[in-house]
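Biologist: I would like a close look at one part of this protein. Please take the salt bridges and walk me through them.

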Amino acid sequence: MNIKELTSKKFVFFDGAMGTMLQAAGLGIGENPESYNLLHPNIIFDIHKKYIDAGADIITTNTFGANSYKLKDSPYSVETIISSAVSIAKKASESKLVALDMGPIGQLLEPMGTLTFHDAYEIFKEQVIIGEKSGADILLLETLSDLYEAKAAILAAKENSSLPVFCTMTFQENGRTLTGTTPETMVHVLEGLGVDALGINCSLGPKEIMPLVERILKVANVPVMIQPNAGLPKLINGETVFDLTPDNFSKEIQALSALGISIIGGCCGTNPAFIKAVKDSLKNLSPVKTNPVKNTTVCSSTKTIVIGDGVKIIGERINPTGKKKLKAALKENALDYVLSEAIKQKEAGADILDVNIGLPEINEIETMTKIIKEIQSIMDLPLQIDSANPKVIEAGVRIYNGKPIINSVNGKKESMEAIFPIAKKYGACVIGLTLDEKGIPHTAEERVQITEKILHTAKLYGIPKENILIDCLVLTASAQQKEVLETLKAIRLVKEKFGVKTVLGVSNVSFGLPQRKLLTRTFLAMSLSYGLDAPIMDPLVEENIETIDTFHVLTNHDEGSKKYTNRYRKEVKKEVPVNQVEKTLKEIIIDGIKDEAALKTKELLKTLDPITIVNNYLIPALDTVGDQFEKEIIFLPQLIRSAETVKSSFEVIKEHLRTTGNTNITKGKIILATVKGDIHDIGKNIVKVLLENYGFHILDLGKDVPIETVVKTAKEQNIKLIGLSALMTTTVKNMEETIKSIRKNNIDCKVFVGGAVLTKEYANMIGADYYCKDARESVTIAQKIFDI
């Protein structure tokens with residue numbers, strides 16, 4: 001099936017919500033929807049038939065939660081649920097296609113949670129294999145809010161089946177997923193991994209997703225699909241309803257269709273009437289052809305860097321060549337030292353970090369994967385994965401959460417055969433070095449010829465030229481002076497002839513000569529004037545940064561010279577280099593360096609009492625990262641990392657208190673519970689991590705918690721604050737019942753509520769005292785209640 005060809009001629013229609021239809025058919029709160037495949041197959045069959053009659057081209061199996069994690073306490077196996085679901089859908093499908101529905105696992109991946117990337121892959125792999133064996137035509141990965149989980153799912157799908165893969169993610173009104181991914185980053189990463197269609201589903205209505213869809217369509221080269229909710233949820237006469245009618249829904253979809261989407265369906269609140277209305281409204285229309293921009297981009301999970309949009313600095317300091325301390329740190333597995341190097345480079349202005357840990361004495365694959373996981377948990381800079389060993393490169397690219405650069409491939413046949421399959425499979429950018437079996441050519445023209453060979457071969461592997469960066473290779477001026485200018489000429493020729501972006505390790509030019517910084521910065525300036533896009537350099541050398549800042553002014557990249565003026569407006573006392581400054585505990589927590597936090601806390605306890613450390617260091621640090629989270633300077637992974645770093649300080653403090661006879665520094669006791677009937681507790685768990693690390697004692701009652709348990713615990717423990725979460729519209733009713741029961745039992749406490757389907761208005765309607773829009777808000781509420 002060629003999805004691109006299919007969607008170029010006509011709109012393709014998915015069905016609408018399965019949950020909405022099951023509730024209408026009698027699905028009770030707390031009942032397992034997937035059990036209906038076995039217990040009530042006729043109901044599932046009828047639902048599929050209704051969607052087909054409404055005009056759906058693709059129907060979706062009733063398998064949203066059919067994974068081994070969600071079914072582990074049920075009497076049903078993954079195989080039984082999926083095979084029965086596909087069988088029912090195939091019987092109902094007539095000539096229509098059947099998509100195996102795969103929702104999120106229901107557990108957070110590391111570093112925010114405990115599920116490993118490999119285990120997530122294995123969970124999805126089981127679903128994929130059973131789904132294809134059972135006869136599914138398409139794999140639909142949907143309602144994903146974590147890019148890392150999406151990557152695990154896509155790799156599981158691509159490596160274990162030959163079926164087309166569609167992937168949709170769920171966005172919040174701030175334009176990001178729960179874990180901070182933007183629409184553009186989603187496209188660059190998912191498209192690189194080889195999905196056949198991508199887009200947005202759930203959480204918002206068609207009107208709310210329009211600005212996000214516009215952003216997706218500007219960069220997406222594969223068909224874009226949408227499955228919005230039937231508007232926003234409201235509580236009317238005790239029931240959760242969505243605010244759009246089929247007619248209103250179809251009008252808003254029609255507006256979206258004019259932008260260039262080609263695959264349409266519905267999510268929460270939609271039913272066959274919505275699909276029919278949409279199909280009728282578009283029956284005389286065809287998909288609009290889009291014209292996406294083709295940029296060279298690299299991404300972390302929350303940030304996309306466009307290479308060519310100003311000079312982008314690739315920090316070179318995580319490379320053991322000539323660095324005794326880094327070598328020692330790698331041998332001793334002292335990852336905090338490596339993380340400190342990463343942080344220093346970011347603070348100094350790096351846009352991308354090169355990671356090279358090539359030492360013969362270490363297990364390079366193991367160390368590379370560990371370091372990548374640690375760096376991506378504390379910062380948002382994209383990474384360049386650098387090794388002479390293709391196995392190390394693949395291990396690093398696979399575990400990386402984003403779209404990295406591979407450093408590097410060259411014009412030798414064996415190099416291209418080893419590296420290009422990896423770059424293609426994972427959608428990575430790759431640096432092409434202008435050397436081949438004959439070595440580095442003397443002339444610029446010969447380097448251009450090698451560039452042509454690299455680009456031609458990359459194309460054969462299906463790698464677009466936007467994903468190739470060319471390094472024209474600089475030789476040392478001390479040994480091969482005449483060839484320095486050939487490198488510069490090659491940069492210009494390569495850009496003019498092929499329109500690709502260029503990188504260069506500029507400091508190589510000055511080996512063997514005195515005043516290296518002087519030579520390097522002069523060569524850097526010359527390289528930029530010849531068209532260099534991304535120098536690989538040490539950003540801690542201030543002269544290099546100054547050269548780039550001035551270049552941005554002189555080439556109009558720094559409009560109005562604003563950045564330059566802000567940085568250089570007055571002569572200031574030269575700052576002490578960042579690597580010579582000892583960081584405070586607050587700064588260490590903000591950076592998220594766990595081991596350093598524990599050591600620093602031990603040191604502070606020699607002169608300060610525990611409460612002073614908590615109040616003067618730990619809480620202010622969390623407040624700072626909380627503010628950064630609210631301002632979208634950092635995102636959930638970094639927020640959780642800092643909270644976990646505080647935990648390592650707290651452990652030291654608690655141990656100190658135990659040895660000195662004190663045991664209690666809690667700031668207040670709080671109940672957290674996911675309400676009865678709801679088994680989705682990701683949001684509640686995030687709130688728990690934050691509140692605990694602000695010093696609150698959390699009584700976590702878990703998920704699917706009976707109303708009586710909440711009331712009983714609140715009475716027995718004299719609780720002043722209760723947090724309730726619910727993800728599903730069906731269980732919000734139980735949230736309301738829990739609050740009513742708390743009031744009825746005259747418990748003197750406040751209740752805050754949160755969850756994907758909740759709004760402030762909705763929280764008020766069900767009698768909550770506070771609406772918690774995100775985890776950070778829960779801290780503000782707790783501090784208010786406990787007067788901190």
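Biologist: Is K740 buried, partly exposed or exposed?

Modeller: This is a predicted model. K740 is partly exposed, because its relative accessible area is 44%, and partly exposed covers the range between under 20% and over 50%. Its salt-bridge partner is E737, and the closest N and O atoms are 3.9 Å apart. Both residues belong to helix α28 (residues 729-744). They sit three residues apart, about one turn of the helix. E737 is partly exposed too, at 29% relative accessibility.

Elsewhere, salt bridges with shared partners join R317, E341, K344 and D538 into one network.

Another pair lies within helix α10 (residues 246-257). There, the side chains of K251 and D247 meet in a salt bridge of 3.3 Å, N to O. About one helical turn separates K251 and D247, because they are four residues apart in this helix. D247 has 43% relative accessibility, so D247 counts as partly exposed.

Next comes a pair from two helices. E452 forms a salt bridge with K497, with the closest N and O atoms 3.8 Å apart. This pair links distant parts of the chain, 45 residues apart. E452 is in helix α17 (residues 444-460), and K497 is in helix α18 (residues 484-498). E452 is partly exposed at 39% relative accessibility. K497, at 52%, counts as exposed, because the cut-off for exposed is over 50%.

As for the total, the whole structure holds 40 salt bridges. Side chains of opposite charge can pair when their charged atoms come close.

Technical notes. Residues are numbered from 1 along each chain as its sequence is written. This is a predicted model: local features need pLDDT of at least 70, side-chain atom pairs count only at pLDDT 80 or more; totals for chains, interfaces and linings use all residues. Side-chain values use heavy atoms; hydrogens and water are left out. A salt bridge is a side-chain nitrogen of Lys or Arg within 4 Å of a carboxyl oxygen of Asp or Glu. Buried means under 20% relative accessible area, exposed over 50%, partly exposed in between (1.4 Å probe, protein chains only).
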